[in-house]
Amino acid sequence: MLSKTLLACGLGSIALACALPTPTWALDGSHKGETNVVCGQVITRSIKLANDLHNCRGNGLEVGASNITIDLNGHTIDGFGAALPFSGIDNTAEGLSRTGHSRVTIKNGTVTDFGGGISLANGADRNLVQRILATANGGAGISARNVDRPYISDSAAIGALVGFRLDSVTNAHIERSTALNNTGNGILLTGASRGTVLHRNSVVNNNGDGILVTAAVTGTRIDNNDANGNGTRTPREDGIDVDATDAATVIRDNRARNNGDYGIEATPGVTDGGGNRASGNGNSAQCLNITCTP
């Protein structure tokens, strides 16, 4: 069952680590409609898990059909090593079905100790990832590549190389999610991605940038996020770092505290939507090309 410590970023400069109570979806005593699964199973219909998986030597589960829901029901999918090239839940062309699948919901549980926690790619359009804890995975906790409208909400990626990685996606959302203690970036938006929304997320104590948007990305909305204590590696990095240059990229109402270099660093050309706040960051200017108040 899911019984992990998640981080909820507090108001202002305060980040509080709190042990969440066991979620209600893990306390459902009913076993009706629950399904036992095994490591590597290809899921072709909607299921609610009845068991954990431990020491999976390949992918934990593989998505094998569109328009289904995989409800982990509070259970844990556990791999055999973060250095291995497998995913806790795989919805990509690398799986046995040789394609990603659309309109899939993955929710309510933990994926840990894989090369990647949850991986979406190449046909996995309009997938919803909700209330997932991805912890101690070697690559990205949750990733989406070459897909349209991935929606990630109310999830946490902890102790990976990158918390959340979006690569060449369109119209993606990450909302109300936490990236904590990752060795690289908390949230990485890269490739030819366009139209992404990053809203009400907490990126905390990541060694790289809390949020990094690379140069070729367009049309990103970054609003109401908390970036605290990121950028601790050498050279020091930022709470929010936006290398894109288009006016359709908007940065507004974010809070950046105690990051290694700038709280918010942007390239000229993006839109300063106002309401950004920064203090205690390593660079005394606090923000670059964005107006910030304490």
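**Salt bridges**

This predicted model holds seven salt bridges. The tour begins with one of them: select Arg176 and Asp154, whose side chains meet in a salt bridge with an N to O distance of 3.0 Å. This pair links distant parts of the chain, 22 residues apart. Arg176 lies in the loop between β18 (173-175) and β19 (178-180), while Asp154 lies in the loop between β15 (151-153) and β16 (156-158). Colouring these two loops will show what the contact connects.

Is either partner buried or exposed? Arg176 is partly exposed, with a relative accessible area of 35%, and Asp154 is also partly exposed, at 32%.

Keep Arg176 selected and add Glu175. The side chains of Arg176 and Glu175 meet in a salt bridge as well, at 3.4 Å from N to O. Glu175 has a relative accessibility of 10% and therefore counts as buried, since the cut-off is under 20%. With the three residues displayed together, the viewer shows a network of salt bridges that links Asp154, Glu175 and Arg176.

Next, select Arg233 and Glu237. Their side chains form another salt bridge, with N and O 2.4 Å apart. Arg233 counts as partly exposed at 33% relative accessibility, whereas Glu237 is buried, with a relative accessible area of 16%.

**Disulfides**

How many disulfides does the model contain? The count comes to two. Select Cys39 and Cys56 to see one of them; their sulfur atoms are 2.1 Å apart. The torsion about this S-S bond is about -70°, so the disulfide of Cys39 and Cys56 is left-handed. Cys39 sits in the loop between β3 (34-35) and β4 (41-43), and Cys56 belongs to strand β6 (residues 53-56), so the disulfide ties together parts that are 17 residues apart in sequence. The two ends differ in accessibility: Cys39 is partly exposed, with a relative accessible area of 36%, but Cys56 counts as buried at 1%.

Now move to Cys287 and Cys292, which a disulfide joins with an S to S distance of 2.0 Å. The link of Cys287 and Cys292 is left-handed, with -90° about the S-S bond. Here Cys287 counts as buried at 9% relative accessibility, while Cys292 is partly exposed, with a relative accessible area of 21%. When the bonded cysteines of the protein are numbered in sequence order, the pairing reads 1-2, 3-4.

**The open sheet**

Hide the side chains and turn to the strands. In which order do the strands of the open sheet of eleven strands run? The order is β4-β7-β10-β12-β14-β17-β20-β23-β26-β29-β32, with parallel pairing. Select the edges of this sheet, β4 and β32 (287-288). Each has a single partner strand, so one side of β4 and one side of β32 are left without a neighbour in the sheet.

For a closer view of one pairing, select strand β20 (residues 187-190) and strand β23 (residues 211-213). These two strands pair in the parallel sense over three bridges. Which residue of β23 stands opposite Leu188? Displaying the leucines gives the reply: Leu188 stands opposite Leu212 in β23.

Terms used. Residues are numbered from 1 along each chain as its sequence is written. This is a predicted model: local features need pLDDT of at least 70, side-chain atom pairs count only at pLDDT 80 or more; totals for chains, interfaces and linings use all residues. Side-chain values use heavy atoms; hydrogens and water are left out. A salt bridge is a side-chain nitrogen of Lys or Arg within 4 Å of a carboxyl oxygen of Asp or Glu. Helices (H or I, at least four residues) and strands (E, at least two) are DSSP runs, numbered from the N terminus. Buried means under 20% relative accessible area, exposed over 50%, partly exposed in between (1.4 Å probe, protein chains only). A disulfide is a pair of cysteine sulfur atoms within 2.5 Å. Two strands pair if DSSP finds at least two bridges between them.
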